[in-house]
Amino acid sequence: MTLATKPTAKTLANSSYSAIEKHFDKTWKWEKAVKNDKDAEALHQMRVGMRRLRTTVTRFNSIVNFPKAANDKSIGKIARCLGSLRDLDVLKETLKNKYQPQLPKKEKAILDKVINTLEKQRINVLADVKAIFKSERYKSLKTSLKEWLVGRTKLSTISKFENSASITRFTVT
């Protein structure tokens, strides 16, 4: 039996690199849309990406040297802030679209007040999200992971070159 493709041996470190790269790219792809506060889906996707990034860093932390800024606490704080905004969006949307149409007129007025209160809370939480984007914690996380990924890419390229060129290393004693 002949395989159509050759299996490639992958180390756990390579797998962690691939996972971090995937979640990093998916997370920061949504940053601009979240900053502009135009798309609820962008907020959702960035929050999910942060949670996945956090899980990946936490699980591979014992075998891979991640940047100091890429830690569970930092990623968690950012993800929670995004989550608070998302929770308000979901609650407001659910109240408006699912419950409000079914209520009698008198109760709709009460629910309008509740929705207005949620909107005021959302403005405050949105300010917190924007502050997180400007924070040293966020900038440090983003920059350090980006640099770590670039550094790992260079190491991977060198390693592939060495393997393809069949370079043998000798130790001189």
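Two helices count as roughly antiparallel when the angle between them is over 145 degrees. Keep that cut-off in mind as we walk through this predicted model, since we will need it for several helix pairs.

Let's begin with the overall layout. The protein chain holds six helices and zero strands, and read from the N terminus its elements run α-α-α-α-α-α. Of its 173 residues, 32% are buried.

A good place to start is helix 1, which covers residues 12-28 and packs against helix 3 at an angle of about 160°, with the two axes 8 Å apart. That angle is over 145 degrees, and helix 1 and helix 3 are therefore roughly antiparallel to each other. Helix 1 passes helix 3 in a left-handed crossing. For a pair of residues to look at here, try Phe 60 and Ala 13: they lie 47 residues apart along the chain, and their C-alpha atoms are separated by 8.1 Å. Phe 60 belongs to helix 3. Its relative accessibility is 19%, so Phe 60 counts as buried; the limit for that label is under 20%.

Before moving along helix 3, have a look at the loop that leads into it. Asp 37 sits between helix 2 (31-36) and helix 3 (40-60). Although Asp 37 is not a glycine, it has a positive phi of about 55°. With a relative accessibility of 29%, Asp 37 counts as partly exposed.

Next comes the pairing of helix 3 with helix 4. Their axes come within 9 Å and cross at roughly 155°. This again is over the 145 degree mark, and helix 3 and helix 4 are therefore roughly antiparallel to each other. Helix 3 passes helix 4 in a left-handed crossing.

Helix 4 itself deserves a closer look. At its start, a side-chain oxygen of Asn 71 reaches to within 3.1 Å of the backbone nitrogen of Lys 73. How does the length of helix 4 compare with what its residue count predicts? At 1.5 Å a residue, its 28 residues should span 40 Å, and its end C-alpha atoms are 37 Å apart, which agrees.

The partner that follows is helix 5. It has 30 residues and reaches 43 Å from its first C-alpha to its last, close to the 44 Å expected at 1.5 Å a residue. The axes of helix 4 (residues 72-99) and helix 5 (residues 105-134) come within 9 Å and cross at roughly 160°. That makes helix 4 roughly antiparallel to helix 5. Helix 4 passes helix 5 in a left-handed crossing. What kinds of residues form this contact? They divide into 17 nonpolar, two polar and six charged.

Now turn to the residues of helix 5. The buried ones are Leu 111, Ile 115, Leu 118, Arg 122, Val 125, Leu 126, Val 129, Ile 132 and Phe 133. When you look at how such positions are spaced, a general point helps. An α-helix has 3.6 residues a turn, so residues three or four places apart point the same way. Ala 131 is also found in helix 5. At 44% relative accessibility, Ala 131 counts as partly exposed. The C-alpha atoms of Ala 131 and Cys 81 are separated by 10.0 Å, and these two residues are 50 apart along the chain.

Technical notes:
Residues are numbered from 1 along each chain as its sequence is written. This is a predicted model: local features need pLDDT of at least 70, side-chain atom pairs count only at pLDDT 80 or more; totals for chains, interfaces and linings use all residues. Side-chain values use heavy atoms; hydrogens and water are left out. Axes are lines fitted to C-alpha atoms, for helices over the stretch in contact, and angles run from 0 to 180 degrees between N-to-C directions. Helices (H or I, at least four residues) and strands (E, at least two) are DSSP runs, numbered from the N terminus. Angles under 35 degrees count as roughly parallel, over 145 as roughly antiparallel, 65 to 115 as roughly perpendicular and the rest as oblique. A crossing is left-handed if the near helix is turned anticlockwise from the far one by less than a right angle, and right-handed if clockwise. Ala, Val, Leu, Ile, Met, Phe, Trp, Tyr, Cys and Pro count as nonpolar, Asp, Glu, Lys and Arg as charged, and the others, Gly among them, as polar. The expected span of a helix is 1.5 Å times one less than its number of residues. A polar contact is a pair of N or O atoms within 3.5 Å; within protein, one must be able to donate a hydrogen and the other to accept it, and residues adjacent in sequence count only if both atoms are side-chain atoms. Buried means under 20% relative accessible area, exposed over 50%, partly exposed in between (1.4 Å probe, protein chains only).
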